[in-house]
Amino acid sequence: MSLNNGKKNKNKVKLYHSVPDRILTGAVWVLLLIIMVVILVPLMFVLASSFSDPSAVSSGKVLLWPVDFSLVGYQAIFQSPSILRGFINSVEYTLVGTVISVMLTLFAAYPLSRVDLQIRGPVMFLFTVTMFFSGGMIPTYLVVSKLHLIDTFWAMVIPSAMGVWNVILTKTYIQSSIPLEIYESASIDGCSDWKYFTSMVLPLSKPIIAVMVLLYAVGKWNDFFSGLLYLNDSARQPLQMILRNILVMSDSVGINMNLAQQMNRQELKTLLQYSLIVVSSVPVLLLYPLIQKHFVKGIMMGSIKG
């Protein structure tokens, strides 16, 4: 037996170190390195630029390492009332919007996962239709306007409160990971639907809930189009709207003029672009590691029914 096992192990080692395997392994490593470089180089450039001197950034001296280390960009950001207000607005929109969106998604997905729901087919059909056909931007704006949501907090939360694809993912996860026998046992013991949902479904659905939190939070945090459509009051604009104004429209409204007077205004604008990109990206980068362990499991089990 030991001789046979030795031969098998020897054959496996030879197979692993064969020329085609080495070529394939090398190609995979080269591809991964290329992808890593393509991703890391822009990130390192933005990060290095945000910590560099404004004149070095404007003159193109910065590559992958800060030149004449400076915190002028971050000082301007944290001394700007409009940027701080936009940051606080984005945090509020993201927190409240994510909670509402996740709750609505779970409330829609759980009934649709029940095979005894008689209207499940028609409801799923209506939900699915909205993924391919929508009323369009103007009818949506008119609906939001008729509901008196223009220039309100809820204009950033309600119109995009629930995603149909997220409902489908959550529904599939509940169907595939929570056996029907659990519900049958609970119902025999006199457990109500609400009690079963809160005591059994929610605790067993932590991976997909983590996925939904990440998807909705990132979407809410990066949402500037809703602010562009529904918010006329600059005091309610999210951080992404302010970032857009600086990047696209070269707007520097609200920047501390004492700093602007000490240096060329265009240099400060260029530096602010990179510094504000870093500030707006940090919350999302901090969120992902917290729920990473649930993300792969939730997205895989939610997308494949087995």
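These legends go with four close-up views of a predicted model.

**View 1. Helix α5 meets helix α6.** Here we're looking at α5, residues 81–113, and α6, residues 120–132, whose axes come within 10 Å and cross at roughly 140°. That angle makes the two helices oblique to each other, because only angles over 145 degrees would count as roughly antiparallel. As for handedness, α5 and α6 make a left-handed crossing. On the α5 side, the residues in contact are A108, L112 and S113. Helix α6 answers with R120, V123, M124 and F127. Sort the contact residues by class and you get 5 nonpolar, 1 polar and 1 charged.

**View 2. F51 and Y74, one of the aromatic pairs.** The structure holds 13 aromatic pairs, and this close-up picks out F51 with Y74. Their rings sit 5.0 Å centre to centre, with 35° between the planes, and the pair is tilted. Where do F51 and Y74 sit in the chain? F51 is in the loop between α2 (19–50) and α3 (54–58), while Y74 belongs to helix α4, residues 72–78. With their positions 23 residues apart, the pair links distant parts of the chain. The two partners also fall into separate burial classes: F51 is partly exposed, at a relative accessible area of 24%, whereas Y74 is buried, at 11%. The cut-off for buried is under 20%, so Y74 makes it with its 11% and F51 doesn't with its 24%.

**View 3. Y110 and Y196, joining helix α5 to helix α10.** The ring centres of this pair are 6.2 Å apart and the planes meet at 45°, so it counts as tilted. Y110 comes from α5 and Y196 from α10, residues 193–204, so the pair ties together parts that are 86 residues apart in sequence. Buried or exposed, these two tyrosines, Y110 and Y196? Both Y110 and Y196 are buried. Widen the view a bit and a cluster turns up: F107, Y110, Y183, W194, Y196 and F197 form one aromatic cluster.

**View 4. S90 and the residues it touches.** Back on helix α5, this close-up centres on S90. Its relative accessibility is 2%, so S90 counts as buried. Which residues does S90 touch, once those up to four places away in sequence are left out? They are W221, P238, L239 and Q240.

Terms used. Residues numbered from 1 in each chain as written. Predicted model: local features only at pLDDT ≥ 70, side-chain atom pairs only at ≥ 80, totals over all residues. Heavy atoms only, no water. Axes fitted to C-alpha atoms, helices over the stretch in contact; angles between N-to-C directions. Helix = DSSP H or I, 4+ residues; strand = E, 2+ residues; numbered from the N terminus. Parallel < 35°, antiparallel > 145°, perpendicular 65-115°, else oblique. Left-handed = near helix turned anticlockwise from the far one by under 90°. Contact = heavy atoms within 4.5 Å. Nonpolar A, V, L, I, M, F, W, Y, C, P; charged D, E, K, R; others polar. Phe/Tyr/Trp six-rings, centres within 6.5 Å; stacked < 30°, edge-to-face > 60°. Buried < 20%, exposed > 50% of the residue type's maximum accessible area, 1.4 Å probe, protein only.
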